[in-house]
There are 2 protein chains.
Amino acid sequence: MGLTLDSFLPYRLNRLSEAVSNEMRPVYRDAHGLNRPEWRVLVALADIGPATAKAIGAHSAQHKTKVSRAVQALESRRWLTRTVDPKDRRSESLALTPAGQRAYGSLVAPMRAREDDILARLSQADRRALERALAALETAMAIERDH
Amino acid sequence: MGLTLDSFLPYRLNRLSEAVSNEMRPVYRDAHGLNRPEWRVLVALADIGPATAKAIGAHSAQHKTKVSRAVQALESRRWLTRTVDPKDRRSESLALTPAGQRAYGSLVAPMRAREDDILARLSQADRRALERALAALETAMAIERDH
DNA sequence: ATGTGACTGTCACTTATGTAACTATCAAGC
DNA sequence: GCTTGATAGTTACATAAGTGACAGTCACAT
(Lines give C-alpha, C1' and ligand atoms only; values in the text may rest on other atoms or scores of the structure.)
Protein backbone atom coordinates (compact mmCIF):
# COMPACT_ATOMS: atom_id res chain seq x y z
CA MET A 1 0.00 0.00 0.00
CA GLY A 2 2.70 2.42 1.09
CA LEU A 3 5.51 3.76 -0.99
CA THR A 4 8.66 2.53 0.71
CA LEU A 5 11.20 5.26 0.16
CA ASP A 6 14.02 2.72 -0.03
CA SER A 7 12.70 1.25 -3.25
CA PHE A 8 11.48 4.46 -4.82
CA LEU A 9 13.49 5.33 -7.92
CA PRO A 10 13.70 9.14 -7.54
CA TYR A 11 14.77 8.82 -3.94
CA ARG A 12 17.39 6.17 -4.67
CA LEU A 13 18.85 8.15 -7.54
CA ASN A 14 19.00 11.36 -5.53
CA ARG A 15 20.60 9.63 -2.56
CA LEU A 16 23.23 7.97 -4.71
CA SER A 17 23.91 11.14 -6.63
CA GLU A 18 24.51 13.04 -3.41
CA ALA A 19 26.67 10.33 -1.92
CA VAL A 20 28.89 10.21 -4.98
CA SER A 21 29.06 13.99 -5.28
CA ASN A 22 29.96 14.33 -1.63
CA GLU A 23 32.84 11.97 -2.18
CA MET A 24 34.13 13.89 -5.19
CA ARG A 25 33.69 17.45 -3.93
CA PRO A 26 36.75 17.63 -1.65
CA VAL A 27 39.03 17.34 -4.66
CA TYR A 28 38.06 20.58 -6.36
CA ARG A 29 36.95 22.34 -3.21
CA ASP A 30 40.01 21.76 -1.03
CA ALA A 31 42.54 22.29 -3.79
CA HIS A 32 41.11 25.48 -5.28
CA GLY A 33 38.01 26.52 -3.39
CA LEU A 34 35.81 25.77 -6.39
CA ASN A 35 32.13 24.97 -6.13
CA ARG A 36 30.38 22.50 -8.40
CA PRO A 37 29.09 24.91 -11.04
CA GLU A 38 32.58 26.37 -11.37
CA TRP A 39 34.18 22.96 -11.60
CA ARG A 40 31.70 21.95 -14.27
CA VAL A 41 32.25 25.05 -16.35
CA LEU A 42 35.97 24.35 -16.15
CA VAL A 43 35.47 20.81 -17.39
CA ALA A 44 33.00 21.85 -20.05
CA LEU A 45 35.40 24.43 -21.42
CA ALA A 46 38.24 21.95 -21.47
CA ASP A 47 35.83 19.45 -22.97
CA ILE A 48 34.48 21.39 -25.93
CA GLY A 49 37.06 24.13 -26.28
CA PRO A 50 36.22 27.82 -26.59
CA ALA A 51 32.45 28.14 -26.51
CA THR A 52 29.66 30.49 -25.55
CA ALA A 53 28.04 30.53 -22.13
CA LYS A 54 24.95 29.02 -23.66
CA ALA A 55 26.89 26.10 -25.12
CA ILE A 56 28.61 25.56 -21.79
CA GLY A 57 25.26 25.50 -20.05
CA ALA A 58 23.88 22.96 -22.49
CA HIS A 59 26.96 20.79 -22.27
CA SER A 60 27.09 20.82 -18.49
CA ALA A 61 23.32 20.75 -17.91
CA GLN A 62 23.35 23.91 -15.86
CA HIS A 63 20.97 26.84 -15.73
CA LYS A 64 22.20 29.97 -17.45
CA THR A 65 22.36 31.93 -14.20
CA LYS A 66 24.58 29.27 -12.68
CA VAL A 67 26.83 29.45 -15.70
CA SER A 68 26.85 33.24 -15.60
CA ARG A 69 27.98 33.26 -11.98
CA ALA A 70 30.51 30.50 -12.43
CA VAL A 71 32.00 32.27 -15.44
CA GLN A 72 32.35 35.49 -13.43
CA ALA A 73 34.13 33.59 -10.67
CA LEU A 74 36.50 31.86 -13.05
CA GLU A 75 37.16 35.10 -14.88
CA SER A 76 38.10 36.86 -11.66
CA ARG A 77 40.64 34.09 -11.09
CA ARG A 78 41.90 34.76 -14.59
CA TRP A 79 41.23 31.16 -15.52
CA LEU A 80 39.20 32.13 -18.55
CA THR A 81 38.82 35.06 -20.90
CA ARG A 82 35.76 36.42 -22.65
CA THR A 83 35.85 37.63 -26.23
CA VAL A 84 32.81 39.31 -27.67
CA ASP A 85 31.83 37.75 -30.97
CA PRO A 86 32.07 40.53 -33.59
CA LYS A 87 29.51 38.68 -35.70
CA ASP A 88 27.00 38.72 -32.84
CA ARG A 89 27.83 41.10 -30.09
CA ARG A 90 25.28 39.52 -27.72
CA SER A 91 27.41 36.45 -27.23
CA GLU A 92 30.96 36.00 -26.13
CA SER A 93 33.46 33.26 -26.64
CA LEU A 94 34.86 31.78 -23.44
CA ALA A 95 38.31 30.24 -23.42
CA LEU A 96 40.54 28.84 -20.72
CA THR A 97 43.74 30.70 -20.03
CA PRO A 98 46.97 28.76 -19.49
CA ALA A 99 46.34 29.12 -15.75
CA GLY A 100 42.86 27.71 -16.23
CA GLN A 101 44.20 24.81 -18.23
CA ARG A 102 46.78 24.11 -15.56
CA ALA A 103 44.14 24.14 -12.84
CA TYR A 104 41.98 21.81 -14.87
CA GLY A 105 44.94 19.56 -15.58
CA SER A 106 45.74 19.31 -11.90
CA LEU A 107 42.23 18.15 -11.10
CA VAL A 108 41.56 15.57 -13.79
CA ALA A 109 43.76 12.83 -12.39
CA PRO A 110 42.51 12.96 -8.79
CA MET A 111 38.90 13.21 -9.93
CA ARG A 112 39.34 10.21 -12.19
CA ALA A 113 41.06 8.36 -9.39
CA ARG A 114 38.11 8.89 -7.07
CA GLU A 115 35.68 7.77 -9.72
CA ASP A 116 37.78 4.67 -10.36
CA ASP A 117 37.90 4.04 -6.66
CA ILE A 118 34.11 3.97 -6.48
CA LEU A 119 33.78 1.79 -9.57
CA ALA A 120 36.40 -0.57 -8.19
CA ARG A 121 34.01 -1.41 -5.37
CA LEU A 122 31.72 -2.98 -7.97
CA SER A 123 32.18 -6.31 -9.67
CA GLN A 124 32.80 -6.38 -13.38
CA ALA A 125 29.23 -7.53 -13.94
CA ASP A 126 27.87 -4.77 -11.73
CA ARG A 127 29.82 -2.19 -13.69
CA ARG A 128 28.35 -3.52 -16.92
CA ALA A 129 24.88 -3.34 -15.39
CA LEU A 130 25.58 0.23 -14.26
CA GLU A 131 26.68 1.35 -17.70
CA ARG A 132 23.64 -0.28 -19.23
CA ALA A 133 21.28 1.22 -16.67
CA LEU A 134 22.69 4.73 -17.05
CA ALA A 135 22.50 4.60 -20.83
CA ALA A 136 18.95 3.25 -20.75
CA LEU A 137 17.76 5.83 -18.25
CA GLU A 138 19.41 8.63 -20.19
CA THR A 139 17.47 7.57 -23.23
CA ALA A 140 14.28 7.20 -21.20
CA MET A 141 14.67 10.71 -19.83
CA ALA A 142 15.42 12.11 -23.28
CA ILE A 143 18.93 13.16 -22.37
CA GLU A 144 21.08 13.38 -25.45
CA ARG A 145 24.70 12.61 -24.97
CA ASP A 146 27.53 14.32 -26.84
CA HIS A 147 26.54 16.60 -29.68
CA MET B 1 43.45 13.13 -21.46
CA GLY B 2 40.29 15.08 -20.78
CA LEU B 3 37.45 14.08 -18.57
CA THR B 4 34.39 14.03 -20.84
CA LEU B 5 31.50 15.11 -18.67
CA ASP B 6 29.10 12.84 -20.54
CA SER B 7 30.83 9.71 -19.30
CA PHE B 8 31.65 10.95 -15.82
CA LEU B 9 29.74 9.02 -13.18
CA PRO B 10 28.92 11.84 -10.72
CA TYR B 11 27.70 14.04 -13.52
CA ARG B 12 25.55 11.34 -15.08
CA LEU B 13 23.99 10.43 -11.76
CA ASN B 14 23.24 14.01 -10.87
CA ARG B 15 21.75 14.74 -14.26
CA LEU B 16 19.52 11.68 -14.12
CA SER B 17 18.50 12.36 -10.56
CA GLU B 18 17.42 15.87 -11.46
CA ALA B 19 15.59 14.78 -14.58
CA VAL B 20 13.63 12.17 -12.67
CA SER B 21 12.92 14.51 -9.74
CA ASN B 22 11.73 17.22 -12.09
CA GLU B 23 9.28 14.79 -13.58
CA MET B 24 7.91 13.75 -10.19
CA ARG B 25 7.73 17.13 -8.47
CA PRO B 26 4.55 18.44 -10.09
CA VAL B 27 2.53 15.73 -8.37
CA TYR B 28 3.13 16.84 -4.79
CA ARG B 29 3.74 20.48 -5.63
CA ASP B 30 0.68 21.20 -7.74
CA ALA B 31 -1.72 19.18 -5.62
CA HIS B 32 -0.70 20.47 -2.20
CA GLY B 33 2.10 22.99 -2.56
CA LEU B 34 4.57 20.68 -0.89
CA ASN B 35 8.30 20.87 -1.44
CA ARG B 36 10.56 17.84 -1.53
CA PRO B 37 11.63 17.76 2.12
CA GLU B 38 7.99 17.99 3.19
CA TRP B 39 6.94 15.27 0.77
CA ARG B 40 9.72 13.05 2.05
CA VAL B 41 8.87 13.55 5.69
CA LEU B 42 5.29 12.67 4.82
CA VAL B 43 6.39 9.45 3.14
CA ALA B 44 8.85 8.61 5.87
CA LEU B 45 6.21 9.01 8.55
CA ALA B 46 3.75 6.87 6.63
CA ASP B 47 6.60 4.46 6.01
CA ILE B 48 7.88 3.86 9.52
CA GLY B 49 4.97 5.08 11.60
CA PRO B 50 5.29 7.49 14.52
CA ALA B 51 8.96 8.34 14.91
CA THR B 52 11.32 11.03 16.10
CA ALA B 53 12.68 13.76 13.85
CA LYS B 54 16.04 12.09 14.02
CA ALA B 55 14.64 8.78 12.80
CA ILE B 56 12.78 10.54 10.01
CA GLY B 57 15.97 12.26 8.96
CA ALA B 58 17.86 8.99 8.90
CA HIS B 59 15.14 7.19 7.01
CA SER B 60 14.73 9.92 4.40
CA ALA B 61 18.41 10.89 4.16
CA GLN B 62 17.80 14.51 5.03
CA HIS B 63 19.71 16.97 7.16
CA LYS B 64 18.19 17.66 10.55
CA THR B 65 17.47 21.29 9.75
CA LYS B 66 15.58 20.23 6.64
CA VAL B 67 13.55 17.83 8.73
CA SER B 68 12.96 20.45 11.39
CA ARG B 69 11.59 22.91 8.84
CA ALA B 70 9.51 20.33 7.01
CA VAL B 71 8.00 19.15 10.28
CA GLN B 72 7.06 22.71 11.19
CA ALA B 73 5.38 23.16 7.81
CA LEU B 74 3.44 19.89 8.08
CA GLU B 75 2.47 20.68 11.63
CA SER B 76 1.06 24.05 10.62
CA ARG B 77 -1.09 22.19 8.07
CA ARG B 78 -2.18 19.94 10.90
CA TRP B 79 -0.93 16.93 8.98
CA LEU B 80 1.16 15.73 11.90
CA THR B 81 1.29 16.05 15.66
CA ARG B 82 4.22 16.19 18.03
CA THR B 83 4.23 14.41 21.35
CA VAL B 84 7.11 14.94 23.73
CA ASP B 85 8.52 11.64 24.88
CA PRO B 86 8.07 11.56 28.68
CA LYS B 87 10.99 9.13 28.90
CA ASP B 88 13.31 11.56 27.12
CA ARG B 89 12.00 15.08 26.96
CA ARG B 90 14.57 16.10 24.34
CA SER B 91 12.83 14.14 21.63
CA GLU B 92 9.29 14.12 20.39
CA SER B 93 7.24 11.52 18.61
CA LEU B 94 5.83 12.63 15.28
CA ALA B 95 2.64 11.06 13.97
CA LEU B 96 0.45 11.73 10.96
CA THR B 97 -3.04 13.00 11.64
CA PRO B 98 -5.97 11.58 9.66
CA ALA B 99 -5.66 14.60 7.37
CA GLY B 100 -1.98 13.85 6.90
CA GLN B 101 -2.75 10.24 6.10
CA ARG B 102 -5.36 11.29 3.58
CA ALA B 103 -2.96 13.66 1.88
CA TYR B 104 -0.35 10.95 1.73
CA GLY B 105 -2.89 8.46 0.42
CA SER B 106 -3.89 10.83 -2.34
CA LEU B 107 -0.31 11.16 -3.53
CA VAL B 108 0.90 7.57 -3.49
CA ALA B 109 -0.97 6.40 -6.57
CA PRO B 110 0.01 9.27 -8.89
CA MET B 111 3.62 9.14 -7.70
CA ARG B 112 3.77 5.43 -8.33
CA ALA B 113 2.16 5.94 -11.70
CA ARG B 114 4.85 8.39 -12.75
CA GLU B 115 7.58 6.10 -11.57
CA ASP B 116 6.02 3.23 -13.48
CA ASP B 117 5.75 5.43 -16.52
CA ILE B 118 9.48 6.08 -16.44
CA LEU B 119 10.33 2.43 -15.86
CA ALA B 120 7.99 1.44 -18.68
CA ARG B 121 10.31 3.24 -21.07
CA LEU B 122 12.97 0.65 -20.26
CA SER B 123 13.11 -2.90 -21.51
CA GLN B 124 12.74 -5.71 -19.04
CA ALA B 125 16.46 -6.37 -19.26
CA ASP B 126 17.26 -2.70 -18.71
CA ARG B 127 15.08 -2.65 -15.62
CA ARG B 128 16.93 -5.66 -14.26
CA ALA B 129 20.23 -3.92 -14.96
CA LEU B 130 18.94 -0.80 -13.23
CA GLU B 131 17.92 -2.66 -10.11
CA ARG B 132 21.25 -4.43 -10.03
CA ALA B 133 23.19 -1.23 -10.56
CA LEU B 134 21.32 0.68 -7.88
CA ALA B 135 21.77 -2.09 -5.34
CA ALA B 136 25.46 -2.44 -6.15
CA LEU B 137 26.10 1.29 -5.94
CA GLU B 138 24.18 1.55 -2.69
CA THR B 139 26.44 -1.08 -1.23
CA ALA B 140 29.51 0.60 -2.71
CA MET B 141 28.52 3.93 -1.16
CA ALA B 142 27.80 2.29 2.20
CA ILE B 143 24.13 3.13 2.09
CA GLU B 144 22.17 0.75 4.25
CA ARG B 145 18.68 0.01 3.11
CA ASP B 146 15.77 -0.60 5.47
CA HIS B 147 16.70 -1.07 9.11
C1' DA C 1 24.47 15.90 44.06
C1' DT C 2 27.26 17.43 40.67
C1' DG C 3 30.10 17.96 36.83
C1' DT C 4 31.29 16.27 32.10
C1' DG C 5 30.17 15.09 27.75
C1' DA C 6 26.77 13.68 24.52
C1' DC C 7 22.39 14.26 22.34
C1' DT C 8 17.68 16.35 20.31
C1' DG C 9 15.82 19.81 17.99
C1' DT C 10 15.78 24.92 16.80
C1' DC C 11 17.56 29.21 15.30
C1' DA C 12 20.64 32.82 13.15
C1' DC C 13 23.62 33.55 9.65
C1' DT C 14 25.51 32.81 5.37
C1' DT C 15 25.57 30.87 0.87
C1' DA C 16 23.39 28.68 -3.14
C1' DT C 17 19.72 28.40 -6.39
C1' DG C 18 15.65 29.40 -9.40
C1' DT C 19 12.28 32.79 -11.50
C1' DA C 20 11.37 36.59 -13.72
C1' DA C 21 12.54 40.93 -15.32
C1' DC C 22 15.79 43.54 -17.83
C1' DT C 23 19.55 45.27 -21.29
C1' DA C 24 21.57 44.92 -25.40
C1' DT C 25 21.60 42.89 -29.75
C1' DC C 26 20.04 40.57 -33.80
C1' DA C 27 17.08 38.92 -37.89
C1' DA C 28 13.15 39.31 -40.67
C1' DG C 29 9.29 41.51 -42.59
C1' DC C 30 7.07 45.42 -43.91
C1' DG D 1 14.46 52.64 -41.80
C1' DC D 2 11.30 50.73 -38.28
C1' DT D 3 8.77 47.55 -35.86
C1' DT D 4 8.27 42.98 -34.04
C1' DG D 5 9.81 39.00 -31.95
C1' DA D 6 13.59 36.24 -30.57
C1' DT D 7 18.10 35.62 -28.39
C1' DA D 8 22.60 36.01 -25.06
C1' DG D 9 23.71 37.13 -20.89
C1' DT D 10 23.08 39.74 -16.37
C1' DT D 11 20.71 41.20 -12.42
C1' DA D 12 17.14 41.60 -8.59
C1' DC D 13 14.32 39.25 -5.80
C1' DA D 14 12.58 35.40 -3.40
C1' DT D 15 13.28 30.71 -1.80
C1' DA D 16 16.03 26.84 -0.32
C1' DA D 17 19.84 24.81 1.94
C1' DG D 18 24.00 24.12 4.94
C1' DT D 19 27.00 25.51 9.10
C1' DG D 20 27.61 26.53 13.48
C1' DA D 21 25.90 28.04 17.78
C1' DC D 22 22.50 27.36 21.12
C1' DA D 23 18.92 25.74 24.97
C1' DG D 24 17.30 22.08 27.12
C1' DT D 25 17.84 17.37 28.51
C1' DC D 26 20.06 13.11 29.48
C1' DA D 27 23.55 9.32 31.13
C1' DC D 28 27.29 8.39 33.66
C1' DA D 29 31.10 8.86 36.57
C1' DT D 30 32.81 10.80 40.39
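Start at DNA strand D in this predicted model. Select the 19 residues around the strand, then pick out the ones that come nearest: Thr52(A), Ala53(A), Lys54(A), Ser68(A) and Ser91(A).

Now colour that surface by element. H3 and helix H4 (64–76) of chain A each supply at least two residues to the surface near DNA strand D, and so do H2 and H4 of chain B. Which element gives the largest share? That's H4(A), with 4 residues. Switch to colouring by residue class and the surface near strand D shows 9 charged, 7 polar and 3 nonpolar residues.

Next stop: chain B, where two of the elements you just coloured pack against each other. Select helix H2 (residues 36–48) and helix H4 (residues 64–76) of chain B; their axes are 9 Å apart, at an angle of about 80°. Angles of 65 to 115 degrees count as roughly perpendicular, and H2(B) and H4(B) are therefore roughly perpendicular to each other. Turn on side chains to see who meets whom. From H2(B) you get Pro37(B), Glu38(B), Val41(B) and Leu42(B), and facing them in H4(B) are Lys66(B), Val67(B), Arg69(B), Ala70(B), Val71(B), Ala73(B) and Leu74(B). This contact of H2(B) with H4(B) has 8 nonpolar and 3 charged residues, with no polar ones.

Hop over to chain A for another helix pair. Select helix H2 (residues 36–48) and helix H3 (residues 53–60) of chain A: the axes come within 9 Å and cross at roughly 105°. That makes H2(A) roughly perpendicular to H3(A). On the H2(A) side, click through Arg40(A), Val41(A), Ala44(A), Leu45(A), Asp47(A) and Ile48(A); on the H3(A) side, Ala55(A), Ile56(A), His59(A) and Ser60(A). The class split for the contact of H2(A) with H3(A) is 6 nonpolar, 2 polar and 2 charged.

Last stop: the place where the two protein chains meet. Show chain A and chain B together and select the contacts, which bring 46 residues of chain A against 46 residues of chain B. Stay on the chain A side and look for the elements that give two or more residues to it: helix H1 (9–32), H2, H3, helix H5 (98–119) and helix H6 (124–140). Which of them gives the most? Highlight H1(A), which gives 12 residues to the side of chain A that touches chain B. Finish by colouring that side by class: 27 residues are nonpolar, 12 charged and 7 polar.

Methods. Residues numbered from 1 in each chain as written. Chains lettered and ligands numbered in written order. Predicted model: local features only at pLDDT ≥ 70, side-chain atom pairs only at ≥ 80, totals over all residues. Axes fitted to C-alpha atoms, helices over the stretch in contact; angles between N-to-C directions. Parallel < 35°, antiparallel > 145°, perpendicular 65-115°, else oblique. Contact = placed C-beta atoms within 7 Å. Nonpolar A, V, L, I, M, F, W, Y, C, P; charged D, E, K, R; others polar. Near = placed C-beta within 6 Å.
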